[in-house]
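Grab your favourite viewer and work through a few exercises. Each one gives a task, then a solution that goes step by step.

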Amino acid sequence: MDVINCISKTDGLPDAPLVDHTQYYQPTSRYYVNGPQVHKYMKQMHTKVLSPHDLITIGETPFTHEASELATKPWMLRELKAIVGRWQQFMHDDGFWNAINIENYDQARSVSRFGNDSVEWPAVSAKMLAIFEVHKYVKFKDY
């Protein structure tokens, strides 16, 4: 379910306040993400559509944080492995699982973003990223 947490909007669809006078576009996610009826709509969907069937659902829930709240920094391999490992295991013991992916159609391809897509390196970069994605199953030497 693509961007399923955007199924409920703030009533009246108000204009976003001007918070950054240097930008044309202003932060608006507070009005269309995790809106007041999300849980109600999800319960209705479960009851009326999903529960009669033997299936699982997978949902994407972006925009859970304002971009201004996120910190970007260069990662050491050990730190990045630990972060990805925590997300791969998040709520696993409670019966949940996270999809292991490093790219989707909303982002540039991972080899271009995290590897080297020049003529001589794309295959090596892709293999390195594939191994990284499943690193919890592979023992890495710490650098």
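What follows is a set of worked exercises on this predicted model.

**Exercise 1. Find out what UniProt annotates here, and describe the chain over residues 1–64.**

Start with the record: the unreviewed UniProt entry places the feature "domain: Glycosyl hydrolase family 13 catalytic" at residues 1–64 and 66–133. Annotations of this kind may be inferred rather than shown by experiment. Next, take residues 1–64 and look at the secondary structure: that stretch is 27% helix and 0% strand. Finally, check its ends, whose C-alpha atoms are 16 Å apart.

**Exercise 2. Search the whole structure for aromatic pairs and classify the geometry of each.**

Step one is the count: the search gives 2 aromatic pairs. Step two, take Y24 and Y25: the ring centres sit 4.9 Å apart and the planes meet at 85°, so this pair is edge-to-face. The cut-off behind that label is a plane angle over 60 degrees. Both Y24 and Y25 are exposed. Step three, turn to Y32 and F63: here the centres are 6.0 Å apart with planes at 70°, so this pair is edge-to-face too.

Step four is to place Y32 and F63 along the chain. Y32 belongs to helix α1 (residues 29–32), while F63 is in the loop between α2 (38–50) and α3 (77–89), so the pair ties together parts that are 31 residues apart in sequence. Last, check exposure: Y32 has a relative accessible area of 28%, which makes it partly exposed, and F63 at 45% is partly exposed as well.

**Exercise 3. Is N5 buried or exposed, and what does its side chain reach?**

First locate N5: it lies in the segment before α1. Then read its relative accessibility, which is 3%, so N5 counts as buried. The cut-off for buried is under 20%. Now follow the side chain of N5, which reaches the backbone oxygen of P62 at 2.8 Å.

**Exercise 4. Pick out the residues other than glycine that have a positive phi, using V3 and N34 as your cases.**

Some background helps: most residues other than glycine have a negative phi. Begin with V3, in the segment before α1. Its phi is near 45°, a positive value. V3 is partly exposed, with a relative accessible area of 29%.

Now go to N34, in the loop between α1 and α2. N34 has a positive phi of about 55° although it isn't a glycine. Its relative accessible area is 44%, so N34 is partly exposed.

**Exercise 5. Which residues make the nonpolar surface patch of about 280 Å²?**

List the members first: the patch is made by M1, I7, Y41 and M42. Then zoom in on one of them, Y41, which sits in helix α2. At 32% relative accessibility, Y41 is partly exposed. That value fits the patch rule, which asks for over 30% relative accessible area.

**Exercise 6. Describe the setting of D54 and find how far its C-alpha atom is from that of Q88.**

Start with location: D54 is in the loop between α2 and α3. Then exposure: at 85% relative accessibility, D54 counts as exposed. To finish, take the C-alpha atoms of D54 and Q88: these residues are 34 residues apart along the chain, and the separation is 25 Å.

Terms used:
Residues numbered from 1 in each chain as written. Predicted model: local features only at pLDDT ≥ 70, side-chain atom pairs only at ≥ 80, totals over all residues. Heavy atoms only, no water. Helix = DSSP H or I, 4+ residues; strand = E, 2+ residues; numbered from the N terminus. Phe/Tyr/Trp six-rings, centres within 6.5 Å; stacked < 30°, edge-to-face > 60°. Buried < 20%, exposed > 50% of the residue type's maximum accessible area, 1.4 Å probe, protein only. Patch = residues over 30% accessible without salt bridge, like charges linked within 9 Å, V, L, I, M, F, W, Y side chains within 5 Å. Areas by Shrake-Rupley, 256 points an atom, 1.4 Å probe, with all protein chains shown as cover. Salt bridge = Lys/Arg side-chain N within 4 Å of Asp/Glu carboxyl O. Polar contact = N/O pair within 3.5 Å; in protein donor to acceptor, adjacent residues only side chain to side chain.
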